[in-house]
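Biologist: I am just starting out with protein structures, and I would love a close look at the place where the ligand sits. Could you take me through it step by step, and then show me a little of what lies elsewhere?

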Amino acid sequence: MDQSTRTRVAIIFGGVSSEHDVSCLTAGSVARAIDPERFEVVGIGITPSGRWVQVATADLLALDVADNALPRLDETRPDAVLIRGDGNGGGRIATLDDERLAEARDFDVAFALLHGPFGEDGTIQGLFEMMGIRYVGAGVAASAIGMDKDLMKHELRAAGLAVCPWVALDRHTWAADRAGLLLRMEADLAFPVYVKPARGGSSIGISRAETPAHLPAAIEEALRYDAKVIVEEGFVGAREIEVAVLDVLDGAPRTSLAGEIVVRTEDAFYDYAAKYLPEGQVDLVVPAPISDALLARVQKTGARTFRAMGAEGLSRVDLFVTPDEEIYVNELNTMPGFTHLSMYPMLWDASGLRYPDLIAELIELALTRPMGLR
Ligand SMILES: Nc1ncnc2c1ncn2[C@@H]1O[C@H](COP(=O)(O)OP(=O)(O)O)[C@@H](O)[C@H]1O
Ligand SMILES: [Mg+2]
């Protein structure tokens, strides 16, 4: 195919959240897998300090695990600025060279491979909306609500989906009425409980409190990452089942086969080390060994969750399935882990949609959906 007819995709990655490194890994993985016949990649990095920079394709392709460490963007590149494109949904990135803009590159669509706050949470989606730039994935509200484990539970419960009992607090209510909150948690929640930063990800700042005595330290720890925290009832003996959802314009969303997170150590959960370090004590089982009947209910719950949240493009829906096969929604991730070894792409691969085709389909969805309020 002719160079000029390729779709130019801005891969935006890195970011200021604690998931910066994971995002860099994802960017390399997508850049290596994307079909070069159909797509041209424009690399846009956001450094840990929040500066936007252009990243050459060769550097993008090289982002990978090295010496057992995840890749990071350094701060050496000059600042770049995002500019509105041709008015047809495209954008432009240019580097600030002294007082002038240089190396301006146009792109047709943005694919933000950012996880966590300031990326997965509606902030960059708002920037794209303001600039009239097409982008992959969920819009502003769904991204913001999906990032906030308290707001998400409210919305899911309102839609009739089962979620576990929880109590939310913020640093003001915690400072003002610590004793009252602790009493309420003891009364309303069965232990163990999970204490989580409300707007976190990758299990960072999450701990399990076995008894009420463990709560204050766990809450203080979560408050280090977010001014808002949720404390939720822990499932004991439930399976962690996940399903990938892929949008269909004007139709019911597609759902994949299910996957299962199996934690090998007794007292562990799916924490950061388990998620990203090679010696992590976790297996991702794809497809999950479940009955066809349970799979059908898992898929239905995944699709319902996706639509209830007003998600678009892609989401991974994470569920707890109790020993008597009741299904609870844990969370919906609007930008799930997206390396070729992540659950979301693996679920689609097992369901017959290969990683490069999945990437192409997501870009196609972003190019064909209406702009503005949808
Ligand atoms: N209510 C719960 N009961 C049992 N395990 C939980 C519960 N909440 C979280 N976990 C464990 O902690 C992990 C991370 O929690 P999660 O809410 O998914 O946070 P994150 O958004 O960081 O992935 C889950 O994958 C699971 O292993
Ligand atoms: Mg999770």
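Modeller: Happily; here is a walk through the ligand site, followed by a helix and a single residue. Please keep in mind that this is a predicted model.

Let us begin with the overall layout. The protein is divided into domain 1 (7-135), domain 2 (144-162 + 237-368) and domain 3 (166-233). Notice that domain 2 is written as two stretches of the chain. Between the centres of domain 1 and domain 3, taken over C-alpha atoms, there are 34 Å.

Now for the ligand. Ligand 1 has 18 residues around it, and the ones that come nearest are Lys149, Lys196, Ser203, Glu232 and Glu240. Domain 2 and domain 3 each give at least three residues to this shell. If you like to follow strands, look at β9 (193-197), β11 (228-233) and β16 (327-333), since each of them supplies at least two residues of the shell. By chemical character, the shell divides into six nonpolar, five polar and seven charged residues.

Next, zoom in on single atoms. An oxygen atom of ligand 1 is 2.6 Å from an N or O atom in the side chain of Glu240. At Glu233 the partner belongs to the backbone: a polar atom there is 2.9 Å from a nitrogen atom of ligand 1. The side chain of Tyr194 also takes part, with an N or O atom 3.4 Å from a nitrogen atom of the ligand. Taken alone, ligand 1 exposes 540 Å², and the protein buries 95% of that.

Now turn to helix α3, which covers residues 123-131. Its buried residues are Ile124, Gln125, Gly126, Phe128 and Met131. What covers them includes the strands β1 (7-14), β2 (39-46), β3 (52-55), β4 (80-84) and β7 (109-112), along with helix α4 (140-147). After α3 comes Gly132, whose phi is positive, near 65 degrees.

Last, visit Thr95, which you will find in strand β5 (residues 91-97). Is Thr95 buried or exposed? With a relative accessible area of 6%, Thr95 counts as buried because that value is under 20%. The side chain of Thr95 makes a polar contact of 3.0 Å with the side chain of Gln54. Leaving aside residues up to four places away in sequence, Thr95 also touches several others, among them Pro78, Asp79, Ala80, Arg100 and Leu101.

Notes
Residues numbered from 1 in each chain as written. Chains lettered and ligands numbered in written order. Predicted model: local features only at pLDDT ≥ 70, side-chain atom pairs only at ≥ 80, totals over all residues. Heavy atoms only, no water. Helix = DSSP H or I, 4+ residues; strand = E, 2+ residues; numbered from the N terminus. Buried < 20%, exposed > 50% of the residue type's maximum accessible area, 1.4 Å probe, protein only. Polar contact = N/O pair within 3.5 Å; in protein donor to acceptor, adjacent residues only side chain to side chain. Contact = heavy atoms within 4.5 Å. Near = heavy atom within 4 Å. Areas by Shrake-Rupley, 256 points an atom, 1.4 Å probe, with all protein chains shown as cover. Nonpolar A, V, L, I, M, F, W, Y, C, P; charged D, E, K, R; others polar. Domains from an automatic or database assignment.
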